[in-house]
Amino acid sequence: MVEAIIESLQEIPPGWRVFILSMLPVTELRGAIPLGLFWGLDPLLAYLWAVSGNFVPVVPLLLGLKAFFRFLAHKGFFRKLVNWLRQHTAANQEKVRRCGMVGLCLLVAVPLPGTGVWTGALVASFLNLPFLPSLLSITLGELLAGLLVSLFMSGAVAVSQMQYGFWFLLALALLLIFFLLRKRIKK
């Protein structure tokens, strides 16, 4: 699906591609910044385009998700979907409940799949958090996530251009996967 979206955007300038991809829940800025760098954007420009695009859905999501899910919860098939979403975000909700708005900010800031402004808005609406503090927490988390992804990608590009840099990054990725799988197996 992401490949089809990227292919359909080939005719527009790279900055706008990054902007559009950052709005989507499947890529957000975690996927858009690396693509922007791949398309030749300066890291600062990729960051600015991605953060700008990633912010676009935040206000509509925060304003509309509560009413939207209340409406869907009364419909047969969609009731199951809403319950699944509540269960899926339950772990994140507990973290946010414990840490408050800082937790919401950190949830959005962690540059991993399944976190980001869309998830942050879902959690904020399921927890009935107030609009303005949620907006500020999500925005700060978004800025931090973009910074982390930009710094990581800039460093990874620099390392990959060194002699044996590719092999170093591959070994680092395999080591990270090993530790994540080991942690998951222990549970």
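These exercises, each with a worked solution, go through a predicted model of a protein chain.

Residues are numbered from 1 along each chain as its sequence is written. In this predicted model, local features need pLDDT of at least 70 and side-chain atom pairs count only at pLDDT 80 or more, while totals for chains, interfaces and linings use all residues; side-chain values use heavy atoms, with hydrogens and water left out.

**Exercise 1. Overall make-up**

Find how many helices and strands the protein chain has, and what share of its residues is buried.

Solution. Start with the secondary structure: the protein chain has 11 helices and 0 strands. Helices (H or I, at least four residues) and strands (E, at least two) are DSSP runs, numbered from the N terminus. Next take the extent: the C-alpha atoms fill a box of roughly 60 × 45 × 30 Å along the principal axes. Then turn to burial, where buried means under 20% relative accessible area, exposed over 50%, and partly exposed in between (1.4 Å probe, protein chains only). Of the 187 residues, 37% count as buried. Finally, the chain exposes about 11,500 Å², and carbon and sulfur atoms supply 72% of this area. Accessible areas come from the Shrake-Rupley method with a 1.4 Å probe; for residues, only the protein chains shown count as cover.

**Exercise 2. A salt bridge in H3**

Determine which side chains meet in a salt bridge, and whether they are buried or exposed.

Solution. Apply the rule: a side-chain nitrogen of Lys or Arg within 4 Å of a carboxyl oxygen of Asp or Glu. By this rule the count is 1 salt bridge. The partners are Glu28 and Arg30, at 3.9 Å from N to O. Glu28 is buried, because its relative accessible area is 3%. Arg30 has 16%, so Arg30 is buried too. Both lie in helix H3 (residues 28–38), where the buried residues also include Leu29, Ala32 and Ile33. After H3 comes Gly40, with a positive phi near 95°.

**Exercise 3. Aromatic rings in H2**

Describe how the rings of Trp16 and Phe19 are arranged.

Solution. Rings of Phe, Tyr and Trp (its six-membered ring) pair if their centres lie within 6.5 Å; planes under 30 degrees apart are stacked, over 60 edge-to-face, and the rest tilted. The structure holds 5 aromatic pairs. In one of them, Trp16 and Phe19 are 5.3 Å apart centre to centre with 70° between the planes, an edge-to-face pair. The two residues are 3 apart in helix H2 (residues 14–23), so about one helical turn separates them. Trp16 is partly exposed at 43% relative accessible area, whereas Phe19 is buried at 17%. Ring pairs also bring in Trp49, giving a cluster of Trp16, Phe19 and Trp49.

**Exercise 4. The surroundings of Ser125**

Which residues does Ser125 contact, leaving aside neighbours within four places in sequence?

Solution. First locate Ser125: helix H9 (residues 117–126). Ser125 counts as buried, because its relative accessibility is 7%. A polar atom of its side chain lies 2.8 Å from the backbone oxygen of Ala121. Beyond its sequence neighbours, Ser125 is in contact (heavy atoms within 4.5 Å) with Leu65 and Lys66.

**Exercise 5. Leu170 at the surface**

Where is Leu170 found, and how much of its area is accessible?

Solution. Leu170 belongs to helix H11 (residues 165–186). Its relative accessible area is 35%, so Leu170 is partly exposed.

Notes
A polar contact is a pair of N or O atoms within 3.5 Å; within protein, one must be able to donate a hydrogen and the other to accept it, and residues adjacent in sequence count only if both atoms are side-chain atoms.
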